[in-house]
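This report walks through a molecular structure, beginning with one chain as a whole and moving on to domains, contacts between chains and the pairing of strands. Please keep the structure in view while reading.

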Amino acid sequence: MWKTDSTGVMHADMAVKQCLPPCQIKCPINEDIQRTNVLISLLPDEPDLAKAGVIQISDYLYEKNPFFNICGYICGICELECNYADKGGAIKRRLLKRFLSDVYTEHLKERGKFKIPKNKEKVAVIGGGPGGLMCAYHLSKRGYKVTIIEASERLGGALWLVPDYRLPKDILQTTFDNLVRIAGIDIRYNSRLGSGELTLDKLKEEGFKAVFLATGLPYPRVLTFEGKSVEGQDLSGVMYGHTYLYEVSHNNIAPDYFKGKKVIVTGGGNVAFDVARSVKRQGGEVTIVCLECEDKDLKDGIPADEEEIRGAWEEGIRTVYSRGVRKIAGQNGRFKGIDCPACVSVFDKEGFNPKFDCTDCTDLTGDILIITVGQAPDRPLLQKENLLNERGGLDVDHLTLQSSSKPWVFIGGDIRRVGFMVEAMGEGLVAAESIDRYLRGVDMKEGRRRDYEGYEIPIRRDYKPEPEVPWIPPENRMHFQLFEKGFTLKEAIEEAKRCVTCGPCLSCKACLSIGFQKSLSPVEVDVARCSGCGHCVYTCNYYAARLVNAGDKIVSETDMFRCKSCGMCVVACPSQARKMVDEDTADKIAKVYASLS
Amino acid sequence: MAKPKVAICWLGGCGGCDEAVVDINEVILGVANAVDLIFWPVALDFKYDSIKAMNDGEIVLSIINGNVRNSEQEEVAKLLREKSQLVLAFGACACFGGTPGLANLTTKDDIFNWVYRDAPTVVNPDGKYPQTSTDVNGKKLTLPEFYNRVYALNDIISVDYYLPGCPPPPHLVIAAISAVLEGKLPPRGSTLAPHRALCDSCKRNKSKPERMAIREIKRIHEVEADPEVCFLAQGIICLGPATRDGCGEACININMPCRGCFGPVEGVEDSGAKFVSALASILDVQSDDDIARLADQILDPVGYAYRFALPSSILQKKTAKE
Amino acid sequence: MSQYEPKLVCFSCQFSWGYLADEAALSRKIENWIPIICTGKIDATHMMDAFEKGADGVLILGCPEGDCHYQDGNYEAKKRVYLLRRMLESMGIEKERIRIELSIDPEGRRIPQLMKEMKKELAKLGPRKGSMVSGKMPQKEAIKAGREK
Amino acid sequence: MAEKITINPITRLEGHGKIEIFLDDKGNVEDAYWQVVELRGFERFCLGRPVEELPRIMPNICGVCPTPHNMASVKALDDLYGVEPTPTAKLIRQLQYNAFMVEDHLLHFFILSSPDFVLGPGANPAERNILGVIAKVGLEIGGKVIEARKRCREIIRYIASKPPHPEGGLPGGVSRGVTEEDRKWIRETADFTVEFCQFSLELFKQIVLDNKEYLNLILNDAYKLNTYYMGMVDENNRVNFYEGKCRVVNPKGEEYALFDYHDYVDYIGEWVEPWTYVRLTHLRKIGWNGLNDGEATSLYRVGPLARLNAAESMLTPLAQKEYEIMFDTLGGKPSHHTLAYHWARLIEALQAAEHMQRIANDPLLTSKDIRNMNLRLNKVGIGCVEAARGTLIHHYEADADGRTTKVNLIVATQHNAAPICLSVKKAAMGFIKGPEVKEGLLNMAEMAFRAYDPCLACATHALPGRMPLIVNIRDRNGSLIRTVQRT
């Protein structure tokens with residue numbers, strides 16, 4: 001019957017459905033957020049009593065995410081999807097993690113090495129950024145001999161560019177030192193792929209059976225206007241944000257370097273704000289110019305985080321929205337100002353493709369221009385290693401990150417798709433799994449495509465407002481010390497309690513791990529008794545109890561994934577049609593009552 | 001072979017249950033032929049002695065309606081138990097104590113004082129109260145002893161089967177009788193009625209909102225109830241969810257909410273307690289004051305939850321055991 | 001009356017009461033203590049059963065308002081207790097015999113003390129007067145009058 | 001002595017009853033007592049209940065005549081809430097009520113009374129029952145009796161759910177209306193009952209009036225009791241079961257009182273005797289003069305004969321004709337002949353049937369306007385109806401929340417309790433001479449008491465329908481010489 005000789009049969013890989021709280025779905029490494037929140041909420045309110053608990057919780061997190069403590073400073077991606085967001089403010093997951101970090105980072109040195117014998121193949125990870133480190137950590141956890149090839153003299157990649165007032169350097173240092181120690185990873189510093197002898201094939205010859213290429217985006221992107229590079233980027237007084245932040249991270253810039261200078265920063269991303277706020281701290285008077293508009297909710301809205309924008313505003317940084325840069329004006333070799341047409345649209349269906357209205361222009365004058373409009377990969381290298389497809393894109397499988405031209409090479413992180421740190425980490429995790437499968441010679445894809453189902457927020461009478469996060473007032477924070485105060489133990493417990501644990505018990509099991517429950521006893525409905533009166537539906541705060549038509553009758557049923565085994569529907573059922581499977585409350589009660597008479 | 005001997009007897013009842021037997025109309029003739037009705041005070045002569053003279057278990061089935069409130073009723077109950085292979089508790093009073101069981105909310109003295117002293121129409125200059133034994137100019141007249149409380153039948157004797165309802169509807173009466181005649185009885189202790197709650201067969205069940213919540217309690221006289229919509233959804237107390245099905249929705253059909261004459265659903269010990277749990281759970285309240293406000297709108301919790309079953313409630317069983 | 005020692009049953013929410021204490025040790029200290037995952041799980045039947053089995057009072061310790069791990073379980077309990085109290089009152093069981101307290105005490109130190117307080121109150125009330133009328137119970141089966149002749 | 005606890009399955013209503021007959025030395029009846037031996041205390045346990053629930057509780061007083069209790073209760077609520085039911089609601093209530101009157105009266109007549117007349121008081125008891133009657137007058141009658149009961153009870157079920165326990169009725173109206181399509185079968189039922197009641201009256205006349213012996217029996221002094229009579233009448237002093245004023249006539253038939261039932265306390269007193277659980281009502285203003293029907297008697301009777309005595313005419317034409325025939329035959333008003341209750345009962349049944357017919361054809365019956373929601377809670381509410389067995393009064397009081405605070409009930413068999421005692425005694429004296437009691441004679445004694453249909457009797461709306469009776473006969477020392485039962 002088929003026109004072609006096709007059999008009509010075609011291999012489709014099964015999507016594994018998984019139910020999770022929305023925050024954990026948003027998190028690229030699906031960190032066990034709900035569980036940690038529950039456990040934090042049950043900590044003793046005495047700091048020294050609580051310490052053991054904090055370490056216990058952190059140890060568990062570390063297993064999957066060896067730098068969750070760093071996330072605690074700079075990653076709040078999960079909060080974007082928190083159900084609580086429009087019910088009084090997202091749960092401050094980042095700060096809860098930072099709260100753990102404040103105790104745990106110190107404790108890291110006491111954490112022992114992996115016990116696993118390193119008896120598997122050699123694997124090279126090129127690039128010691130978040131993606132590379134994540135991959136290395138998980139491979140070595142599985143017994144592979146991992147070597148990180150790092151171009152610079154330190155691990156962490158772009159993380160070093162995050163200014164100290166957001167992420168203290170000593171935290172980074174401690175974290176990576178311990179990570180390397182604990183995971184037992186070899187590092188080759190100052191060795192850049194493509195420079196000198198070092199090629200992928202060379203590594204192969206060295207006996208590396210697989211490679212994860214995660215070199216990130218080493219080069220700043222140049223400023224363009226309508227597809228053409230804007231002239232004058234070579235003027236003195238014009239620099240790139242990355243270069244600047246790199247120098248700052250090496251303390252190569254004097255504290256009052258920008259004193260009395262008018263500095264213009266172009267770009268609307270977090271990095272641009274890092275630049276602007278660093279400059280401000282070094283005495284400059286800063287103006288940000290970005291293509292995007294003020295309203296984050298619009299498609300052309302500014303990408304930087306709310307907190308960054310607010311912080312900058314507090315610190316007296318002026319932001320000019322919806323303006324591009326058409327011309328960079330100079331005077332005898334020195335930067336003088338820019339000519340900014342109105343930007344009428346940033347993205348179209350093709351993607352990034354700004355349109356301007358040149359009849360509406362303003363000139364901005366300044367002493368220094370810092371261009372922070374993104375970064376670029378080392379294209380020539382990729383070319384040379386022939387990892388690109390005819391369209392000039394990376395030639396990799398998006399599920400497995402495996403290169404099509406070189407199956408033993410896996411590519412991920414910013415180099416593949418620029419994003420947040422944790423997204424790179426996510427790719428590292430994927431790569432580790434792929435490399436493991438590749439080297440074990442098993443199916444690369446089977447069971448990996450996940451289709452997540454998030455849960456709506458449970459019903460409750462009142463939702464609590466988010467806590468005020470204390471920052472050092474702007475006038476006192478013009479330095480590179482942390483300006484955000486972390487949670488105290490009490491604050492952490494309160495905030496953790498605020499979490500309504502949207503997710504299913506199966507992906508949490510906090511109450512089991514602390515012995516509150518013997519087992520998750522889902523509620524069973526005895527249809528021989530259920531009359532479909534619907535009392536259970538109203539009492540259930542998780543939409544787990546619901547009515548379904550059974551022929552001409554109505555009966556209730558329980559959605560096992562949603563059921564939290566709280567037992568309220570059991571009490572509400574006037575027919576005793578609902579009961580909890582292997583559950584001991586009844587026995588407990590019976591035992592006590594027996595002792596009464 | 002001889003027809004099975006069947007006895008029908010009332011204790012503290014109202015006669016409605018006997019009416020219910022008659023309400024099977026033509027069918028009764030067939031039954032009258034199939035069994036040897038040896039004892040039916042409302043319909044037949046009988047010799048009390050003749051029953052005492054019987055062998056234990058000679059009566060195949062005793063259908064007993066009414067609760068037990070005095071010595072006389074207790075004695076008949078026990079006698080019939082001894083002489084019968086099967087005892088069927090017939091109707092709400094025998095099964096759970098029935099409406100008159102609400103008398104357990106008050107005391108014998110309180111009843112006597114009102115009835116024979118305080119009622120506005122009473123003329124009782126010498127303050128006489130009924131006595132178990134009185135001399136009227138040399139003649140001795142006796143009365144049975146009036147107990148302190150009402151008992152359900154199974155407080156007094158062991159009961160083999162239950163047929164609830166006030167009164168049991170014809171179709172269940174017929175079903176029960178034929179079950180006995182055809183020897184197709186379920187295990188002893190069973191209730192010869194459906195297992196689910198009334199909502200199961202209630203036409204209004206589908207009218208409920210997905211999540212039923214009560215914000216205001218309405219009393220039956222305060223509203224013109226929508227004859228199509230679930231009473232609870234209208235804020236009107238209805239015992240349907242906590243009451244065994246089988247009545248044929250008699251009250252629902254005339255747009256009156258259920259008051260629970262069929263007693264608890266299969267496997268539920270105390271429908272009143274369960275009803276309180278269930279009702280409380282669908283009260284949609286915002287504050288403690290709100291709880292009080294709404295709960296107080298339920299004027300008479302015990303009168304709703306135990307309209308027909310007070311003597312067999314958990315707490316009453318206690319006193320029964322004492 | 002002096003030696004009368006009221007019997008008290010205490011339910012407590014595991015998420016707020018004594019979760020940091022060693023449960024075994026604590027329950028050795030506290031008699032008739034029933035830690036329960038959520039007070040919303042306590043059925044009116046359980047409470048009535050307690051009385052039926054001989055308790056003089058029931059104490060329910062729930063988590064603080066708004067802190068219920070299962071959203072509103074403590075509130076469910078409150079509703080139930082309020083309604084049940086009203087019913088029991090008309091059945092001759094004073095409302096003081098059921099008390100619900102919403103608070104938090106990770107170490108569970110206050111539980112014995114709260115129970116003691118309530119027992120004091122109950123002692124004032126005296127033993128439970130059955131439930132409403134208690135009746136002379138004709139003992140089952142044994143057929144007396146009506147047969148001897 | 002085992003006999004002392006012999007169950008005497010006589011009465012319903014407030015429970016069981018028994019008759020004790022005491023003989024003198026010569027073995028003649030010296031004294032006889034009818035005792036009500038049960039009490040349930042509705043007046044107390046209804047306290048605290050929401051008052052609007054009472055119409056659903058009160059029918060449990062009696063499952064044999066539950067509709068009057070339901071109706072008296074609903075009317076008490078109208079009163080308590082100061083509300084007039086809508087015209088349609090009133091029609092629907094009276095439809096239910098008359099349907100009840102018809103089935104109750106007819107069944108009493110056929111199953112309880114007719115055996116005595118159709119077959120004769122002395123006939124062999126084994127045949128003296130409805131089956132015997134059927135055998136004599138034809139099978140289809142038995143069928144018709146059952147059919148009449150069934151069809152009338154269908155109407156009750158339709159309006160007020162379970163006939164043995166109606167649950168309908170709300171202050172100011174009814175819970176359910178009547179639809180046009182249902183009017184059809186209701187009308188058919190009404191027509192059927194009118195026909196059947198007329199037939200029954202004809203039957204009664206042929207069998208009883210055309211038979212000297214029976215007529216004399218009716219007129220026999222042993223069945224005569226000179227008392228007052230009470231019954232409800234409308235503004236034209238016509239018999240009305242559902243509403244009106246209470247009219248009392250003295251033994252001579254003159255109006256003794258015409259009072260609004262709200263004042264019942266001024267007129268009715270309830271005497272307490274230690275040997276019975278039932279309170280003995282009497283005319284309060286005259287005062288309790290013991291169990292006697294002499295000049296000074298304060299006893300009054302209620303029920304069919306009493307109503308006809310107390311009224312001046314019937315509500316409906318056909319019934320009116322029969323009413324006149326009856327009093328002519330019995331030698332004028334009032335008639336003190338207890339057995340005439342049977343006749344009066346049939347005439348009332350006819351009125352009820354005719355009334356049903358009228359209602360079934362009333363255009364207003366099917367209007368949707370079945371509730372008057374304009375409720376104003378008063379403190380007191382009193383409702384009164386004429387139950388099959390006589391005047392029934394429900395008196396409630398409630399607090400501001402509509403919680404019942406006071407209940408007083410006066411039920412038909414109470415009014416008649418004292419007269420029943422008296423009738424039984426008289427009949428016993430009249431027929432029982434010497435300890436050798438013949439069954440037939442005993443039955444004659446029983447007939448005196450059965451005539452009142454003291455509610456227990458309507459419990460014999462059942463096949464094969466024989467009136468059980470146990471009579472303890474005692475010598476002057478009170479020791480039991482024998483218990484007589486008809487076998």
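For the 597 residues of chain A, a compact globule would be expected to have a radius of gyration near 25 Å, and the value of 28 Å computed for chain A agrees with that expectation. This is a predicted model, and every value in the report should be read with that in mind. Taken along the principal axes, the C-alpha atoms of chain A fill a box of roughly 100 × 60 × 60 Å. Within chain A, 46% of the 597 residues count as buried, and its secondary structure comes to 18 helices and 23 strands. If one takes the contacts in chain A with a separation of 6 or more, 71% of them are accounted for by residues 24 or more positions apart.

**Domains**

Two of the chains can be described through their domains, whose bounds are set out here.

| Domain | Residues |
|---|---|
| Domain 1 of chain A | 19-111 + 457-511 |
| Domain 2 of chain A | 122-213 + 377-440 |
| Domain 3 of chain A | 220-376 |
| Domain 4 of chain A | 518-596 |
| Domain 1 of chain D | 1-37 + 425-436 + 446-487 |
| Domain 2 of chain D | 84-220 + 338-373 |
| Domain 3 of chain D | 225-336 |

In chain A, the C-alpha centres of domain 3 and domain 4 are separated by 60 Å. In chain D, the C-alpha centres of domain 2 and domain 3 lie 22 Å apart, and the contact between these two domains takes 18 residues from domain 2 and 20 residues from domain 3. On the side of domain 2 of chain D that touches domain 3 of chain D, at least two residues each are supplied by helix H4 (87-119), helix H7 (180-209) and helix H12 (340-360) of chain D. H12(D) gives the most to this side, with eleven residues. Sorted by class, this side of domain 2 of chain D has ten nonpolar, five polar and three charged residues.

**Contacts between chains**

Which two chains, among the five pairs that touch, have the most contacts between them? They are chains B and D, and their contact takes 74 residues from chain B and 81 residues from chain D. On the side of chain B that touches chain D, the largest share comes from helix H1 (residues 16-22) of chain B, with six residues. The residues of that side of chain B divide into 40 nonpolar, 18 polar and 16 charged. Chains B and D are also joined through strands, since two bridges link strand S6 (residues 122-123) of chain B to strand S6 (residues 268-271) of chain D, and these strands run parallel. Val122(B) stands opposite Glu270(D) in S6(D). Chain A and chain D, by contrast, are joined by no contact, and their closest C-alpha atoms lie 23 Å apart.

**A sheet in chain C**

Strands of a sheet pair through backbone hydrogen bonds, either parallel or antiparallel. In chain C, four strands form an open sheet with parallel pairing, in the order S2-S1-S3-S4. Strand S2 (33-36) and strand S4 (98-102) of chain C stand at the edges with a single partner strand each, so one side of each has no neighbour in the sheet. From one strand to the next, the twist of this sheet averages 15°. Strand S1 (residues 8-13) and strand S3 (residues 57-62) of chain C pair in the parallel sense over five bridges, and Ser12(C) has Leu61(C) in S3(C) as its bridge partner.

Key:
Residues numbered from 1 in each chain as written. Chains lettered and ligands numbered in written order. Predicted model: local features only at pLDDT ≥ 70, side-chain atom pairs only at ≥ 80, totals over all residues. Domains from an automatic or database assignment. Contact = placed C-beta atoms within 7 Å. Nonpolar A, V, L, I, M, F, W, Y, C, P; charged D, E, K, R; others polar. Rg over C-alpha atoms; globule rule 2.2 N^0.38 Å. Buried ≥ 20, exposed ≤ 12 C-beta atoms within 10 Å, placed from the backbone. Pairing = 2+ DSSP bridges. Axes fitted to C-alpha atoms, helices over the stretch in contact; angles between N-to-C directions.
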